[in-house]
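User: Please take a close look at one part of this model and its immediate surroundings. I want the packing, the charged pairs and any unusual backbone angles in one connected account.

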Amino acid sequence: ARARDTHRLIPASRRRRISRAPQIKEFAGTKRLFSSGFKPVVLDEADAMTQDAQAALRRVVEQYSRNTRFCMICNYVTKIIPALQSRCTKFRFAPLQGEQVRSRVDHVIAAERIDITPGGVDALLELGNGDMRRILNVLQATAVAAAGSSAAPAAMAVDGDDAPPAPASARAIDRNTVYECT
């Protein structure tokens, strides 16, 4: 089985409506051929979905709970409708500690070959306040802005891909640059 047949990651914030419901339904309804267990569907930023979209998702969750598990990631659990919340187990995560965040941010900066000053890194950490996703989003936006929109890479490298070399015209990202991009 191909990896795409074993799991789904759906950025729910891009589709506030449940226009992806047919895809979710089709994936959830198929059985796994060569392995046992459940098929995971991860809905990122589920709190951005409309109430109608969440109601449609609730029906899909009920219908396919036999062979599929749904993981909804959200910032505000209060924005998830009660009927969907009642079908979930809630896990709350505390913000990451400074050293945990710094070591991972340093790794990403090196892997992506981003030219950033120590003050720029400090500004990222202050703005993120332990939220790694926010820190990486600000880092990416800042790197694109610093490189200039025409020379900026479309996206950061993913899991082992080689990062594109930084454009020659790029300037080092400092504290001010980070704050200007937020």
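Analyst: **Helix 4 and its neighbours**

Helix 4 brings V101, R104, V105, V108 and I109 against M132, I135, L136 and L139 of helix 6. Eight of these contact residues are nonpolar, none is polar and one is charged. The charged one is R104. Note that the model is predicted.

Start with the geometry of this pair. Helix 4 covers residues 98-112 and helix 6 covers residues 132-147. Their axes lie 11 Å apart, and the packing angle is about 30°. Angles under 35 degrees count as roughly parallel. Helix 4 and helix 6 are therefore roughly parallel. Their crossing is right-handed.

Next comes helix 5. The axes of helix 4 and helix 5 come within 11 Å and cross at roughly 130°. That angle makes helix 4 oblique to helix 5. The crossing of helix 4 and helix 5 is right-handed. Helix 4 contributes V101, R102, V105, D106 and I109 to this contact, and helix 5 contributes V121, D122, L124 and L125. This set divides into six nonpolar, no polar and three charged residues. The charged ones are R102, D106 and D122.

Set the two contacts side by side. V101, V105 and I109 of helix 4 appear in both. R104 and V108 are listed against helix 6, while R102 and D106 are listed against helix 5. Helical periodicity is useful background for reading such lists. An α-helix has 3.6 residues a turn, so residues three or four places apart point the same way.

Now look at helix 5 itself, residues 118-128. Which of its residues are buried? G120, V121, A123, L124, L125, L127 and G128 are. Their cover includes helix 4, helix 6 and helix 7 (175-180). V121, L124 and L125 are on the buried list, and V121, L124 and L125 also take part in the contact with helix 4. D122 belongs to that contact too. At 29% relative accessibility, however, D122 counts as partly exposed.

What does D122 pair with? D122 forms a salt bridge with R102, with the closest N and O atoms 2.7 Å apart. D122 sits in helix 5 and R102 in helix 4, so the bridge ties together parts 20 residues apart in sequence. R102 is partly exposed as well, at 26% relative accessibility. Both R102 and D122 are among the contact residues of helix 4 and helix 5. The general background is simple. Side chains of opposite charge can pair when their charged atoms come close.

The wider charge picture follows. The structure holds six salt bridges. One of them involves helix 6: E45 pairs with R133, and the closest N and O atoms are 3.6 Å apart. E45 lies in the loop between strand 2 (39-44) and helix 2 (51-63), R133 lies in helix 6, and the two are 88 residues apart. This pair links distant parts of the chain. E45 is partly exposed at 25%, and R133 is partly exposed at 27%.

Another bridge reaches the loop ahead of helix 4. R87 and E62 meet in a salt bridge, 2.5 Å from N to O. R87 is in the loop between helix 3 (82-85) and helix 4, and E62 is in helix 2, so parts 25 residues apart in sequence are tied together. R87 counts as partly exposed at 38%, and E62 counts as partly exposed at 37%.

Return to the loops for the backbone. Where does R113 lie? R113 is in the loop between helix 4 and helix 5. R113 has a positive phi of about 55°, although it is not a glycine. Its relative accessible area is 45%, so R113 is partly exposed.

The loop between helix 5 and helix 6 holds N129. N129 comes just after helix 5 and takes a positive phi of about 50°. N129 is not a glycine either. Is N129 buried or exposed? At 60% relative accessibility, N129 counts as exposed. G128, in helix 5, is buried.

To recap the part you asked about: helix 4 is roughly parallel to helix 6 and oblique to helix 5. V101, V105 and I109 serve both contacts. The R102 and D122 salt bridge joins helix 4 to helix 5, so parts 20 residues apart in sequence are tied together.

Conventions: Residues numbered from 1 in each chain as written. Predicted model: local features only at pLDDT ≥ 70, side-chain atom pairs only at ≥ 80, totals over all residues. Heavy atoms only, no water. Axes fitted to C-alpha atoms, helices over the stretch in contact; angles between N-to-C directions. Helix = DSSP H or I, 4+ residues; strand = E, 2+ residues; numbered from the N terminus. Parallel < 35°, antiparallel > 145°, perpendicular 65-115°, else oblique. Left-handed = near helix turned anticlockwise from the far one by under 90°. Contact = heavy atoms within 4.5 Å. Salt bridge = Lys/Arg side-chain N within 4 Å of Asp/Glu carboxyl O. Buried < 20%, exposed > 50% of the residue type's maximum accessible area, 1.4 Å probe, protein only.
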